[in-house]
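Please take a moment to look over the structure shown here. The paragraphs that follow lead through it step by step.

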Amino acid sequence: MVEKPAIALVGESLVDLVLEGESPLTFTGSLGGSVLNTATVLARLGYPVRFFSEVGEDWLSAWSEAEMARRGLNPKLRRHPGPMPLALVRLDPEGNARYSFHRPFQAPFLPEAGALRGVGAFHFGSLFALEARTAKGVAALLEEAARAGALLSYDPNLRGLPSPEERARVEAYLGRVDLLKLSLEDARLLFPEAPLEAVRRLPPRLKVLTLGPEGALAFLGEGEVRVPGVRVRVVDTVGAGDTFTAGLLALLLRRGGGRGVLEGLDLEGLREALEAAVALSALACTVRGAGLPEEGLAAWRARWLAG
Ligand SMILES: OC[C@H]1O[C@](O)(CO)[C@@H](O)[C@@H]1O
């Protein structure tokens, strides 16, 4: 059996509070954050994970930190004075989420050097990578991961129109990574004119677009693969894209890590990885908040990762 490569990830940690119905204000809480969700699924699939992030100093931060450790995320956290960041989540009748973020930190995020020794892949993104105060820290980790020969993966997870400064940061990342995952919504925010054509021409070798219930579309070099969606009864879509990324990375990295993974990938292998990722993200839509049902995950693992 091939040993699974270590995966380092950096992104925001949040507590997601999903509003149940309209009023009174009743919420269901769970640990969230795009990259944290991806890290959680990868850890559940048996990948050694190192998660870089930040929390506050209140009791909710302490609980979140303990929960990350319980999930096997091997968290490397900056602790800032202030409360744990929150996302208030409101669902439309189809289960699609709208977010209101409460993220209090101002101080820079600067990870320790040498933290990425031996990693086979590095994944980052979301709100965290858009901020000026985290840009230096993310760039340093990216640099180190590149030196380690890791596969570099990015998910912008925009959640709104980026400012010109944020856009410049996104563009700089796009020029550096091997794998870009983005939602159709992200693509429309970045390239309102002709989103699909614009994504096809971006520098990363592999670009993957999630299309919600319609599945996913990917561009690999000159090639293109499209896979249909999987119908499920949707509870909510929170964490679906993050889970898709975890499924995709799990398939791509099952025989080892490093940038070479994409050089050895053909369109058939890509199709298989996309089908697996779509199936896993559909499962994520069947539970409240970001998460996966135990039985469904076991069946997915047996189908896609056995052998
Ligand atoms: O990170 C931003 C938000 O996006 C999610 O990851 C879902 O994709 C939530 O858990 C989080 O609140």
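**Sheet, helices and salt bridges**

In this predicted model, helix 4 (residues 132-147) lies across strand 1, strand 4, strand 8 (119-125) and strand 9 (151-155). The helix runs at about 160° to strand 8. Helix 10 (residues 267-284) also packs on the sheet, where it touches strand 11 (206-210), strand 12 (216-220) and strand 13. The direction of helix 10 makes about 30° with that of strand 13.

The sheet itself is open and has nine strands, in the order 5-4-1-8-9-10-11-12-13, with mixed pairing. Its edges are strand 5 (75-79) and strand 13, each of which pairs on one side only. From one strand to the next, the twist averages 15°. Within this arrangement, strand 1 (residues 6-10) and strand 4 (residues 49-55) are paired in the parallel sense over four bridges. Ile7 stands opposite Val49 in strand 4.

Beyond strand 13 (223-227), the loop that leads to helix 8 (240-252) contains Val230. Together with Val232 and Val234, Val230 makes a nonpolar surface patch of about 200 Å². Val230 counts as partly exposed because its relative accessibility is 42%, a value between the limits of 20% and 50%.

The discussion now turns to charged side chains. The model contains 19 salt bridges. One of them joins the side chains of Arg288 and Glu20, at 2.8 Å from N to O. This pair links distant parts of the chain, 268 residues apart: Arg288 lies in the loop between helix 10 and helix 11 (294-304), and Glu20 in the loop between strand 2 (14-19) and strand 3 (27-32). Arg288 is partly exposed, with a relative accessible area of 30%, and Glu20 is also partly exposed, at 27%.

A salt bridge within a single helix is formed by the side chains of Arg70 and Glu67 (2.8 Å, N to O). The two residues are three apart in helix 2 (residues 59-70), so about one helical turn separates them. How exposed or buried is each partner? Arg70 is exposed, with a relative accessible area of 61%, whereas Glu67 counts as buried at 12% relative accessibility.

Glu131 and Arg103 form a further salt bridge, with their closest N and O atoms 2.8 Å apart. Here too distant parts of the chain are linked, 28 residues apart: Glu131 lies in the loop between helix 3 (126-130) and helix 4, and Arg103 in the loop between strand 7 (97-102) and strand 8. Salt bridges that share partners join Glu54, Arg103, Glu131 and Arg133 into one network. Arg103 is partly exposed, with a relative accessible area of 23%.

Conventions:
Residues numbered from 1 in each chain as written. Predicted model: local features only at pLDDT ≥ 70, side-chain atom pairs only at ≥ 80, totals over all residues. Heavy atoms only, no water. Patch = residues over 30% accessible without salt bridge, like charges linked within 9 Å, V, L, I, M, F, W, Y side chains within 5 Å. Areas by Shrake-Rupley, 256 points an atom, 1.4 Å probe, with all protein chains shown as cover. Salt bridge = Lys/Arg side-chain N within 4 Å of Asp/Glu carboxyl O. Buried < 20%, exposed > 50% of the residue type's maximum accessible area, 1.4 Å probe, protein only. Pairing = 2+ DSSP bridges. Axes fitted to C-alpha atoms, helices over the stretch in contact; angles between N-to-C directions. Contact = heavy atoms within 4.5 Å.
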